[in-house]
Amino acid sequence: DCLCGSDASLLVVGGAGSLYVNPEHTACVSDGPDFPDIFKPLAGAMAKALGELREREDVRWTYISPAGDFQADGERTGSYILGGEELTLNERGESIISYADYAIAMMDEIENGSHIRKRISVVRK
């Protein structure tokens with residue numbers, strides 16, 4: 001392990017595949033019939049990494065998942081909705097975020113550090 005000591009902090013860029021799609025937290029995005037098979041191994045690995053982080057007490061971590069539609073060339077709006085463990089939809093019923101708005105959310109979390117040892121998610125307003 002390269003992480004040690006109580007002052008170690010980590011912001012992990014996760015995926016949307018491990019976000020829950022029900023309030024009971026028994027089904028994930030990657031369990032759905034429309035989730036591409038090619039991404040299932042990656043989603044499984046990211047879910048495993050999140051599980052391992054949850055067991056750590058020696059690291060200040062935050063795991064941030066993007067919306068289901070993560071757009072490299074998407075519009076930078078400068079605003080986002082902060083979600084948690086479940087796939088969040090905006091008022092238009094979309095789960096979408098641009099790389100630019102995701103980066104803003106990351107920087108906000110780095111500056112504020114208000115979600116230590118938690119997974120958060122972000123979606124465009």
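This passage looks at the empty spaces in the structure and at a nonpolar patch on its surface. The model is a predicted one, and all the values here were computed from it.

Start with the enclosed space. A search through the whole structure turns up 1 cavity of 30 Å³ or more. The largest cavity holds about 30 Å³ of space. Its walls are built from L19, P66, A67, L87, T88, S95, S121, V122 and V123. Sorted by class, that lining comes out as 6 nonpolar and 3 polar residues, with no charged ones.

Next come the pockets, which are open rather than closed off. The largest pocket has a volume of about 330 Å³. Its lining is made up of 15 residues, and G15, A16, G17, F35 and F39 are the ones nearest the pocket's centre. Helix 1 supplies the largest share of this lining, with 3 residues. As for chemistry, 11 of the lining residues are nonpolar and 4 are polar, while charged residues are absent.

F39 shows up again on the outside: together with I38 and L42, F39 makes a nonpolar surface patch of about 350 Å². I38 sits in the loop that runs between strand 1 (9-13) and helix 1 (40-54). Is I38 buried or exposed? I38 counts as exposed because its relative accessible area is 70%, and the cut-off for that label is over 50%. So F39 belongs both to the residues nearest the centre of the largest pocket and to the nonpolar patch.

Notes. Residues numbered from 1 in each chain as written. Predicted model: local features only at pLDDT ≥ 70, side-chain atom pairs only at ≥ 80, totals over all residues. Heavy atoms only, no water. 1 Å grid on protein atoms, 1.4 Å probe; cavity = no way out; pocket = protein on both sides within 12 Å on 5 of 7 lines; lining within 4 Å. Points joined across faces, edges and corners; volume = space filled by probe spheres on them. Nonpolar A, V, L, I, M, F, W, Y, C, P; charged D, E, K, R; others polar. Patch = residues over 30% accessible without salt bridge, like charges linked within 9 Å, V, L, I, M, F, W, Y side chains within 5 Å. Areas by Shrake-Rupley, 256 points an atom, 1.4 Å probe, with all protein chains shown as cover. Salt bridge = Lys/Arg side-chain N within 4 Å of Asp/Glu carboxyl O. Helix = DSSP H or I, 4+ residues; strand = E, 2+ residues; numbered from the N terminus. Buried < 20%, exposed > 50% of the residue type's maximum accessible area, 1.4 Å probe, protein only.
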